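Here are my comments on the model you sent round, set out as numbered points so that each can be checked against the coordinates.

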Amino acid sequence: MKKVNVLYQDITDTAIKWQLVLVLFTVVMAFGSCCDDSLSKPTPTPTQNKASMITDKDKLAMLYSMVDLEGDKGRIYEINYNVDYLLDKALDFNIDCTDKLTQFVAVNLLDTIPPSRSTSLSYDAGCSAFAAPDKTTGDFIMGRNFDFNHFDSDSNRVMIPLIVVHTAPKGGKKSVSFVDGLFVKYQSGFYTDGKSDLSMLMALPYLLLDGINEDGFAISILKLDSLPTKQQNPDKKAIFTTVAMRMLLDKASTVKEAVQMLKDYNMCMDKDPRASYHFFMADATGDYAIVEYTYSDSNKNPDNMEILTGHDTLRCVTNFYVSPTMQKSKLGGGSLHGRSRYNSLREGLAALNYNVTPSQALSLLQTVAQGEESKESTGFTQWSEIYNLSKRSVTMNILREWGKTFTFEP
């Protein structure tokens, strides 16, 4: 019998060809993503880094399954977060700031905390976002730039690792969300640097800045300059910004459902005197909304939830209040924070008659993307995304590298 080396055999049988095509397709799609210029199998990235606060074998297996999507650049990683992150317990924990979130992670998701170790996280978010239909296909599109500058004590820019997090909670909705790893002190290349402890990766489900779930509901967060939101209804539990986003991706199918869920909690946005936020959300039905927490007295914490939707002028948002009730405020109509980006988005959407194809949406993001010249905290575009809410997918470019695109699905 003739011996055949299948690696080099010239295969002519059609059935075998299609079997190989199917295998290749399965390999590429199994992890929910790909890079357009690479069809390499996303195998876990080898690392010798420790996870000193983790002893559970399933957690360790998950932490060591992370993939560097560019091979060895340390700029964008992907992980399937496949252990229980205890969302219901988090919702009962009255998390009202990053310190309380850190406490929840330490008590519930880490296995041990050595005396020599500390756990901490920070949080911030600049950005631009918009939503519009693509009338050529009937799809609904959401665009998003995440803009944030990280500097060290010598004012040198610190480069982040973007972490793509897939979750599929029992009884909840599958989603993919996106994390700035420097919020838990991980810098670019941390996963294989030989020194970074990987334990705080356990916090990933609660560190998201935007994401989409399997029903086509997407949400993003953007910074405001006011005192942090602090609602204090005695009949409601507190919920922190990122915990709220996690809850909505896990439980909401539409904008309307998400808004109703938010109303059941006291929104609390940390203790930083200049760090409140608003949400931009959209769904596969074509609905969209900006959720803001506004105030009547700028010396007090914002506490009035407003839902802004249903008008083309509210299809985009940056870093100031857009609520009509804030028009006369220095942080609303009087704010210049993100104003030029906002005006560019408004003008671009209006010129397109609020009807954008994915390529036009990307052009809008390119117009408002920020480069190395930006020194403000909400400058420097870390990533840009086009969410196709109808197709439940995200295409992403990092660091304004427009020729290299990554694609993800929940």
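The points below go from the chain as a whole to the sheet, then to the helices, and finally to a few single residues.

1. Overall content. The model is a predicted one, and the remarks that follow should be read with that in mind. The chain has 8 helices and 18 strands, and of its 410 residues 56% are buried. Among contacts with a separation of 6 or more, 70% are between residues 24 or more positions apart.

2. The sheet and its edges. An open sheet of mixed pairing is formed by 9 strands, which follow one another in the order S2-S3-S6-S7-S8-S9-S12-S13-S14. Its edge strands are S2 (67–68) and S14 (304–308), each of which pairs on one side only. At the S2 edge, the pairing with S3 (residues 76–81) is antiparallel and extends over 2 bridges, with valine 67 standing opposite glutamate 78 of S3.

3. Strand S7 within the sheet. In regular strands, side chains alternate between the two faces of the sheet. In S7 both faces are covered, since Ser175, Ser177 and Val179 on one side and Val176, Phe178 and Asp180 on the other are all buried. With 6 of its 6 residues buried, S7 is therefore largely enclosed by the rest of the structure.

4. The neighbours of S7. Strands S6 and S7 run antiparallel and are joined by 6 bridges, and in this pairing threonine 167 stands opposite serine 175 of S7. The pairing of S7 with S8 is likewise antiparallel, here with 5 bridges, and valine 176 has isoleucine 212 in S8 as its bridge partner.

5. Helix H5 on the sheet. Helix H5 (241–251) lies across S6 (162–167), S7 (175–180), S8 (208–213), S9 (218–224) and S12 (276–282), and runs at about 5° to S8. H5 also belongs to the cover over the buried residues of H4, together with elements including H2 (57–63), H3 (87–91) and strand S10 (238–240). Those buried residues of H4 (residues 98–108) are Thr98, Leu101, Thr102, Phe104, Val105, Ala106 and Asn108.

6. H5 against H6. Two packed helices are described by the angle between their axes and the distance between the axes. For H5 and H6 (residues 255–262) the angle is about 135° and the axes are 10 Å apart, which makes H5 oblique to H6. Their crossing is right-handed, and the contact is made by Ala244, Met247, Leu248 and Lys251 of H5 with Glu257, Ala258, Met261 and Leu262 of H6. By class, this contact has 6 nonpolar and 2 charged residues, with no polar ones.

7. H7 against H8. The axes of H7 (residues 339–351) and H8 (residues 358–368) come within 9 Å and cross at roughly 155°. Because angles over 145 degrees count as roughly antiparallel, H7 and H8 are described in that way. This crossing, too, is right-handed, and the contact is made by Arg341, Ser344, Leu345, Gly348 and Leu349 of H7 with Leu364, Thr367 and Val368 of H8. The residues in this contact divide into 4 nonpolar, 3 polar and 1 charged.

8. Glutamine 360. This residue is found in helix H8 and, at 30% relative accessibility, counts as partly exposed. Leaving aside residues up to four places away in sequence, glutamine 360 touches Leu352 and Asn355. The C-alpha atoms of glutamine 360 and glycine 348 are 9.3 Å apart, with the two positions 12 residues apart in sequence numbering.

9. Positive phi outside glycine. Which backbone angles deserve a second look? Asparagine 353 has a positive phi of about 60° although it is not a glycine; this residue is placed in the loop between H7 and H8 and is exposed, with a relative accessible area of 54%. Arginine 400 also has a positive phi of about 60° without being a glycine. Arginine 400 lies in the loop between S17 (393–398) and S18 (406–408), and its relative accessibility of 37% places it among the partly exposed residues.

Notes: Residues numbered from 1 in each chain as written. Predicted model: local features only at pLDDT ≥ 70, side-chain atom pairs only at ≥ 80, totals over all residues. Heavy atoms only, no water. Axes fitted to C-alpha atoms, helices over the stretch in contact; angles between N-to-C directions. Helix = DSSP H or I, 4+ residues; strand = E, 2+ residues; numbered from the N terminus. Parallel < 35°, antiparallel > 145°, perpendicular 65-115°, else oblique. Left-handed = near helix turned anticlockwise from the far one by under 90°. Contact = heavy atoms within 4.5 Å. Nonpolar A, V, L, I, M, F, W, Y, C, P; charged D, E, K, R; others polar. Buried < 20%, exposed > 50% of the residue type's maximum accessible area, 1.4 Å probe, protein only. Pairing = 2+ DSSP bridges.
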